[in-house]
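Visitor: I am new to this structure and would like to understand how its features earn their names. Could you show it to me and then take my questions one at a time?

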Amino acid sequence: MNRKISQEWLGLIIGNSRLHWGYFQGEILQRTWDTVHIQEYVKPLELPNNFLSFSLDNSLPLMIASVVPSQTQLWQTYQKFNLVRLDDVPLNNLYPSMGIDRALAALGGGEMYQFPCLIIDAGTALTLTGIDGDRTFIGGAILPGLKLQFDSLSTKTAALPNISLPKKLSDRWANNTENSIISGILYTVLGGIKTFIDDWLIKYPESKIILTGGDATQLYDYWQQENYEQLEQIIVDPNLIFWGMRSLYVSGLYF
């Protein structure tokens, strides 16, 4: 078997809240898991065993995409460290300050499900990223993620409670404080995203809409509860950034 195809490597996405890991054998993603941010520099020749969720060679090549510069620095002492840069992502018209997570998710979405595509990443931040059939970034939007919106009301006000993301939508016209918060945030966010999806599908009617990120499944469930008519064009895939990393791996840009 070709050495490149069989090579083991790790993908690491340094997100705002957690570390997201992917273990690859060549092009095949074998396993994913999450851990907390690290607090000190890693050793040059080995990764911390407590961050590997199963028995694994802790000196594997590491491909990192990071949106947290302070965390990125702590991994640069590792000798098999490979940092993904925005310029390496083969999409057109990306702006210089775009998050590498958005760019890789867009690349992964298009490679897996074809271009054009609209990527909705429901993580700490909730982002929308539109790529046309020529692999060109058309535009998008960024807003606070669902959990961040709930948390902000409790931390920035004196009397409003801290509410976890609910499994089910409450009544739109709520009659108590807790349900009013749930209704206000969820129906507003869902309705707002729907307008983006509907507008995108007018421009690109054959496009897939791909949900990714920690709250992607829950977001999809909410739309199911609402019987959203565009549901058949929506795909949930939590691994879009890893598919983007895999595309770069195959291209030979890294190790």
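Visitor: What makes the contact between Asp 34 and Arg 18 a salt bridge?

Guide: A salt bridge is a side-chain nitrogen of Lys or Arg within 4 Å of a carboxyl oxygen of Asp or Glu. The side chains of Asp 34 and Arg 18 meet at 3.0 Å, N to O, so the pair falls within that limit. This is a predicted model, in which local features need pLDDT of at least 70 and side-chain atom pairs count only at pLDDT 80 or more, while totals for chains, interfaces and linings use all residues. Residues are numbered from 1 along each chain as its sequence is written, and side-chain values use heavy atoms, with hydrogens and water left out.

Visitor: Where in the chain do Asp 34 and Arg 18 lie?

Guide: Asp 34 belongs to strand S3, whereas Arg 18 is in the loop between strand S1 (8–14) and S2, and the two are 16 residues apart. Helices (H or I, at least four residues) and strands (E, at least two) are DSSP runs, numbered from the N terminus.

Visitor: Why is Asp 34 called partly exposed?

Guide: Buried means under 20% relative accessible area, exposed over 50%, and partly exposed in between, with a 1.4 Å probe and protein chains only. Asp 34 has a relative accessible area of 37%, so it is partly exposed. Arg 18, at 36% relative accessibility, also counts as partly exposed.

Visitor: How many salt bridges are there by this rule, and what links Lys 194 to Glu 226?

Guide: The count comes to six salt bridges. Glu 226 forms one with Lys 194, their closest N and O atoms being 3.0 Å apart. Glu 226 is in helix H6 and Lys 194 in helix H5, 32 residues apart. Glu 226, at 23% relative accessibility, counts as partly exposed, whereas Lys 194, at 18%, counts as buried. Together with Arg 172, Lys 194 and Glu 226 are linked in a network of salt bridges.

Visitor: How do you know that Asp 215 and Lys 147 form a salt bridge?

Guide: The closest N and O atoms of Asp 215 and Lys 147 are 3.6 Å apart, which is within the limit, so the pair qualifies. Asp 215 lies in the loop between S9 and H6 and Lys 147 in helix H4, 68 residues apart. Asp 215 is buried, with a relative accessible area of 5%, while Lys 147, at 47% relative accessibility, counts as partly exposed.

Visitor: Why is the aromatic pair of Trp 21 and Trp 33 called stacked?

Guide: Rings of Phe, Tyr and Trp (its six-membered ring) pair if their centres lie within 6.5 Å; planes under 30 degrees apart count as stacked, over 60 as edge-to-face and the rest as tilted. The centres of Trp 21 and Trp 33 are 5.9 Å apart with 0° between the planes, so the pair is stacked. Trp 21 is in strand S2 (residues 19–25) and Trp 33 in strand S3 (residues 28–35), twelve residues apart. Trp 21 is buried, with a relative accessible area of 0%, and Trp 33 is buried at 10%.

Visitor: What makes the pair of Phe 51 and Trp 75 edge-to-face?

Guide: Their centres are 6.5 Å apart and their planes meet at 75°, so the angle is over the limit for edge-to-face. Phe 51 lies in the loop between S3 and strand S4 (62–66) and Trp 75 in helix H2 (residues 69–75), so the pair ties together parts that are 24 residues apart in sequence. Phe 51 counts as buried at 8% relative accessibility, as does Trp 75 at 0%. Ring pairs link Trp 21, Tyr 23, Trp 33, Phe 51, Phe 54 and Trp 75 into a cluster.

Visitor: How do you know that S2 and S3 are paired strands?

Guide: Two strands pair if DSSP finds at least two bridges between them. Seven bridges join S2 to S3, so they count as paired, and they run antiparallel. In S3, the bridge partner of Trp 21 is Trp 33.

Visitor: Which strands stand at the edges of the sheet, and why?

Guide: The open sheet of five strands has the order S8-S7-S6-S9-S10, with mixed pairing. Strand S8 (137–144) and strand S10 (234–236) each have a single partner strand, so one side of each is left without a neighbour in the sheet.
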